[in-house]
Each structure stands twice: as C-alpha cells, then as structure tokens.
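User: I would like to go through the ligand site and the pockets with you, asking each time how a label was earned. Could you show me the model to begin?

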Amino acid sequence: MSKGKLLVISGPSGVGKGTIVMELLKRRPQASLSISCTTRPPRECEVDGVNYFFLSWEKFGQMIEEGGFLEYSKHFDNYYGTPASFVEEKLKSGDVILEIDVDGALQVKKVKPEAVLVMIAPPDRQTLVSRLCGRHTEPEDVIAKRVERADYELGKSPLYDYVIINDVLDEAVGEVEAILEKEN
Ligand code: ADP
Ligand code: 5GP
C-alpha cells in the first residue's frame, strides 16, 4: 500500500525546479526525490546515483524493453526516464517527487491518475533566460534550444493540477508545500 503522494514537478529548463525541490526536501525530510535515468553525460558537478543514474543508450533501451520505466521521453537528444520500482518502493514510506518534463508527466498521469501535477512557470521570459544563463551549465546553443522549448512546456499548463510562478523562491516553495498538505 502507498503511504505517500506522488508529486510531479515540471517546467521549462532554468525556471527553478531543482532549486525548489531541494528546498522542499529540507522542509519535508520524509519526502524523497525520484532519481531518474538518463543517457545524457553528467555535468561537472553531477554524481551517478545522486543526480541521475547515467546509463548507456544500450542499457536504457534494455530497460524500456523490460518495462522498467514508469515513463520515459526523449529530450534534447537524450533519453530520460523514471525507474518504476524505485518510485513504488519510496512511496511505501512517504511522498515522492518526480522532476520530469511535460511529456513524461502526462504519461504518469495516465497510469497513475492520483499523481498531482505541478507546473513551475517563470514570472516572464526574460527572467527565464537570465536564470538559464546565470547557471553557467550549458553553452549558448543549448540555452537557445531550451528557451525555444519553454513555450511548448508552458503550453501544457492547462493539463496540470496546479501552476506556480517562481518569482520569490520562498513563496514558491511555500505554495508547493501547501499543495502537498492539501492533497495529503
Ligand atoms: P531547473 O531545475 O528548472 O532547470 P534551477 O533550479 O537549476 O532550474 O534554477 C536555475 C537558476 O535559477 C539557478 O541558478 C537558481 O539558483 C536560480 N533560481 C531558481 N529560483 C530562483 C528564484 N526564485 N529567484 C532567483 N533565482 C532563482
Ligand atoms: P537536465 O538535462 O537539465 O537535467 O534535464 C532536462 C529535462 O529533462 C528537464 O526538463 C527535466 O525535467 C527532464 N527530466 C529529468 N528527468 C526526467 C525523467 O525521468 N523523465 C522525463 N520525462 N523527463 C525528465
């Protein structure tokens, strides 16, 4: 039996999803963050098994064939997926947060209608671009691709249960916390 809620957080790259989730986990230590699998190479500061499980294309394909993903999607030339067994195990002990793209989130909602979908939106486009540039983790051409995709992602907001604007970080985190309280 599941004890926790499945909270799915999406939003354009650079909007602040990771920052919000980290803050939320500090406030709710009983919740856990699902660790996704990806074929993307690790960034300098990323650790395998902590930020992602970094898999080869071959291993990722094998997991797809075995039905090992709750959802997966191709994104910026790489695959990303949520390992199903990991999530089911974590749900037994508390809330589980998925930080995944809109295509994956909508797949989750289909197989788990009880999942709560939260879209994080920027106050405006310029703020999104400044945050992406300020993070200094992607080259300019990759940033341009991510900004281009933002409209697609935000366009799916009406399919989400909640939309939160990440302007003042503390307020945005408080709003996600309030959603979890309410849904529990
Ligand atoms: P995402 O996970 O959505 O790609 P990040 O969490 O990496 O985004 O945030 C992108 C950048 O924006 C980071 O440098 C982060 O510190 C900054 N950031 C996040 N939220 C805010 C906020 N409310 N105000 C100002 N900067 C923010
Ligand atoms: P990044 O490469 O910046 O870590 O992530 C790129 C995008 O992949 C983000 O929009 C992030 O939400 C999404 N993502 C991360 N993990 C998963 C996952 O397991 N499934 C899906 N569908 N998207 C994911």
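User: What makes the pair between ligand 2 and the side chain of Asp-101 a polar contact?

Analyst: In this predicted model, a nitrogen atom of ligand 2 is 2.6 Å from an N or O atom in the side chain of Asp-101. A polar contact is a pair of N or O atoms within 3.5 Å (within protein, one must be able to donate a hydrogen and the other to accept it, and residues adjacent in sequence count only if both atoms are side-chain atoms), so the Asp-101 pair qualifies. An oxygen atom of ligand 2 also lies 2.8 Å from an N or O atom in the Arg-146 side chain, and an oxygen of ligand 2 is 3.2 Å from a backbone N or O atom of Gly-81.

User: How do you know how much of ligand 2 the protein buries?

Analyst: Taken alone, ligand 2 exposes 510 Å², and the protein buries 95% of that. Accessible areas come from the Shrake-Rupley method with a 1.4 Å probe.

User: Which residues are closest to ligand 2, and what makes a residue count as near?

Analyst: One of its heavy atoms must lie within 4 Å of the molecule. Ligand 2 has 16 residues around it, the closest being Ser-36, Arg-40, Tyr-52, Tyr-80 and Asp-101. By class, this shell holds 3 nonpolar, 6 polar and 7 charged residues.

User: Why is the space taken by ligand 2 called a pocket?

Analyst: On a 1 Å grid over the protein atoms alone, a pocket is an open set of points with protein on both sides within 12 Å along at least five of seven lines, and lining residues have an atom within 4 Å of a point. The space taken by ligand 2 is the largest pocket, with a volume of about 1,100 Å³. Its lining has 42 residues, and Gly-18, Arg-43, Tyr-52, Glu-99 and Arg-135 lie nearest its centre.

User: What is the volume of the second largest pocket, and which element gives the largest share of its lining?

Analyst: Its volume is about 220 Å³. The lining has 14 residues, with Arg-40, Phe-76, Glu-138, Val-142 and Arg-146 nearest the centre. Helix H6 (140-154) gives the largest share of that lining, 4 residues.

User: Which conventions should I keep in mind?

Analyst: Residues are numbered from 1 along each chain as its sequence is written, and chains are lettered from A and ligands numbered from 1 in the order in which they are written. Local features need pLDDT of at least 70, side-chain atom pairs count only at pLDDT 80 or more, totals for chains, interfaces and linings use all residues, and side-chain values use heavy atoms, with hydrogens and water left out.

Conventions. 1 Å grid on protein atoms, 1.4 Å probe; cavity = no way out; pocket = protein on both sides within 12 Å on 5 of 7 lines; lining within 4 Å. Sits in = over half its atoms within 2 Å of the grid points. Nonpolar A, V, L, I, M, F, W, Y, C, P; charged D, E, K, R; others polar. Points joined across faces, edges and corners; volume = space filled by probe spheres on them. Helix = DSSP H or I, 4+ residues; strand = E, 2+ residues; numbered from the N terminus.
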